[in-house]
Amino acid sequence: MSHFPRGLQLLCAIPFALQACGGGGSTGPAPKPARLSNPDSTAAQLQSLTAPFETDAFLNFAALHQHFGPAGSALAATLSPIRAPAVTPSLAPGLMLTDATTRVWWRAPATSPVAAAIFRDTVRGKTFVWDTTAARYVTSTAAGAPANGVRFVLYTTQPPISEPSRPLTAMGYADLTDQSTSSAAVLGVAVLGGTGPTPATYVSYTVARSAAPERAWAVVGFVTDGVTLLDLTSAVTATSTLTVQTAVEDATDGTHVSETGTLSRTWENSADFSLTSGADTVRATGSVALDTTGQSWGRGSVAVTVNGQAFATITVAPAGPSYSGASGVELTSADETALEHLFIAWASLFGAVTVLTDPAWVLGM
């Protein structure tokens with residue numbers, strides 16, 4: 001429970017005629033079928049893209065952040081949770097939680113509370129821990145929270161259940177800070193994993209919302225699994241649909257990713273995703289309806305091109321995706337593996353950015 005500048009690609013090959021010197025026309029050779037120059041490399045790049053969103057730190061943060069409301073301003077207290085459908089994590093890791101997404105559409109303020117502090121006076125500098133009796137976060141006497149914000153201890157969870165597993169096992173914490181300016185409400189978020197003296201930072205970013213009447217947020221920062229570090233910039237807007245535009249740079253292998261995704265109030269997820277690495281650009285465009293009762297994908301399709309040529313179609317059904325080659329394209333097992341990871345990335349990037357934006361929504365920004 002993102003992605004921006006994007007080069008337009010030619011969607012189909014256009015036959016052309018060559019005029020023969022001595023009279024009658026002749027048809028030129030048909031274009032070669034599209035192919036991935038290195039499907040194993042493409043699959044590895046796509047795996048690297050989603051790996052930072054699959055760490056224990058990120059997944060437990062994703063499961064628990066909807067409970068951060070007690071730290072928020074008085075406005076946040078008026079935004080009571082709305083239970084929304086959960087999606088099976090293995091199908092869409094980033095789409096596990098949608099409570100805050102629903103809250104934004106129906107109950108988010110029309111203007112940003114720039115003049116008000118993000119956190120209530122009585123909780124700044126406090127550490128929140130889970131109370132198993134009350135089934136919520138409560139303040140504690142633990143030290144270490146930032147003076148201009150709050151700390152939430154993170155615990156192991158079992159998605160899609162959005163509460164800590166029993167017995168409680170602390171595995172890190174999330175520090176939330178108020179970095180607002182006179183013109184924008186700015187929430188800083190850092191997610192750290194580990195309980196030793198030097199926990200590792202897995203997530204660090206800001207969510208900003210200006211005083212403009214539009215319901216729009218800007219997300220800037222990084223996510224890492226300790227191997228791959230993704231620099232991420234997103235623009236999120238909420239109107240009749242939730243729209244997320246995201247650009248991602250993976251300095252590890254020079255991969256650039258961009259995506260524009262939308263989620264409708266009827267839970268249809270559409271996205272235009274592209275990955276550029278070296279001379280290849282792989283693009284996936286389509287939409288899938290989420291099954292809100294069976295907690296799985298519904299039905300839809302995603303068209304895939306390579307350097308502007310039709311390559312494959314990903315057909316989505318409740319049982320999972322299947323793959324078919326475009327005209328003249330015979331998919332290899334390596335191609336299908338790459339397409340599998342492409343579909344996961346197509347869905348996960350959009351969902352992951354909504355997870356990153358959720359704390360701001362939960363706190364009433």
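Is Arg151 buried or exposed? Select Arg151 in the predicted model and check. The residue is buried, with a relative accessible area of 13%. The cut-off for buried is under 20%.

**Stop 1: Arg151 and its partners**

Keep Arg151 selected and add Asp175. The two form a salt bridge, and their closest N and O atoms are 2.7 Å apart. Now colour the strands. Arg151 lies in strand E5 (residues 149-155) and Asp175 in strand E6 (residues 170-178), so the pair ties together parts that are 24 residues apart in sequence. Asp175 counts as buried too, at 14% relative accessibility.

Next add Tyr173. Arg151 lies over the face of this ring, at 3.7 Å from the ring centre. So one side chain takes you to two partners: Asp175 through a salt bridge, and Tyr173 through its ring face.

Stay with the segment between these strands. Select Arg166 and Pro167. The peptide bond from Arg166 to Pro167 is cis, with omega near -5°. Pro167 sits in the loop between E5 and E6.

**Stop 2: the other salt bridges**

How many salt bridges does a search of the whole structure find? The search finds three. Side chains of opposite charge can pair when their charged atoms come close.

Select Arg283 and Asp272. Here the closest N and O atoms of the salt bridge are 2.6 Å apart. The pair links distant parts of the chain: Arg283 is in strand E14 and Asp272 in strand E13, 11 residues apart. Both Arg283 and Asp272 are buried.

Move to Arg124 and Asp121. This salt bridge has its closest N and O atoms 2.5 Å apart. Turn on the surface for these two. Arg124 counts as partly exposed, at 32% relative accessibility. Asp121 counts as exposed, at 61%.

**Stop 3: the aromatic rings**

Show the rings of Phe, Tyr and Trp. The count comes to nine aromatic pairs. Start with Phe68 and Tyr137. Their arrangement is edge-to-face, 5.9 Å centre to centre, with 65° between the planes. The pair links distant parts of the chain. Phe68 is in the loop between helix H2 (56-64) and helix H3 (74-77), while Tyr137 is in strand E4 (residues 136-139), 69 residues apart. Phe68 is buried, with a relative accessible area of 0%. Tyr137 also counts as buried, at 0% relative accessibility.

Hold Tyr137 and add Trp130. These two rings form another edge-to-face pair, 5.2 Å centre to centre, with 90° between the planes. Trp130 is buried, as is Tyr137.

Which residues do ring pairs link into a cluster? Select Phe61, Phe68, Phe128, Trp130, Tyr137 and Phe152. Tyr137 belongs to this cluster and takes part in both of the pairs just visited.

**Stop 4: two positive phi angles**

From Tyr137, step back along the chain to Ala135. Its phi is positive, about 55°, although the residue is not a glycine. Ala135 lies in the loop between strand E3 (127-131) and E4. At 28% relative accessibility, Ala135 counts as partly exposed.

Now jump to Asn307. Here phi is positive as well, about 50°, and again the residue is not a glycine. Asn307 is in the loop between strand E15 (296-306) and strand E16 (309-317). At 39% relative accessibility, Asn307 counts as partly exposed.

**Stop 5: helix H1**

Finish by selecting residues 39-50, which make up helix H1. The helix has 12 residues. From first C-alpha to last it reaches 17 Å, close to the 16 Å expected at 1.5 Å a residue.

Which residues of H1 are buried? Select Pro39, Thr42, Ala43, Gln45, Leu46, Leu49 and Thr50. Turn the view to look down the helix axis. The buried residues of H1 fall within an arc of 160°, so they line one face of the helix. An α-helix has 3.6 residues a turn, so residues three or four places apart point the same way.

Now show what covers these buried residues. The cover includes strand E10 (229-238), strand E11 (241-250) and strand E12 (255-264). Also included are strand E13 (268-277), strand E14 (280-291) and helix H5 (333-362). Two of these strands are familiar from Stop 2: Asp272 is in E13 and Arg283 in E14.

Terms used: Residues are numbered from 1 along each chain as its sequence is written. This is a predicted model: local features need pLDDT of at least 70, side-chain atom pairs count only at pLDDT 80 or more; totals for chains, interfaces and linings use all residues. Side-chain values use heavy atoms; hydrogens and water are left out. Helices (H or I, at least four residues) and strands (E, at least two) are DSSP runs, numbered from the N terminus. The expected span of a helix is 1.5 Å times one less than its number of residues. Buried means under 20% relative accessible area, exposed over 50%, partly exposed in between (1.4 Å probe, protein chains only). The arc is that of the directions from the helix axis to the C-beta atoms. Contact means heavy atoms within 4.5 Å. Rings of Phe, Tyr and Trp (its six-membered ring) pair if their centres lie within 6.5 Å; planes under 30 degrees apart count as stacked, over 60 as edge-to-face and the rest as tilted. A charge sits over a ring if NZ of Lys or CZ of Arg is within 6 Å of the ring centre and within 35 degrees of the ring normal. A salt bridge is a side-chain nitrogen of Lys or Arg within 4 Å of a carboxyl oxygen of Asp or Glu.
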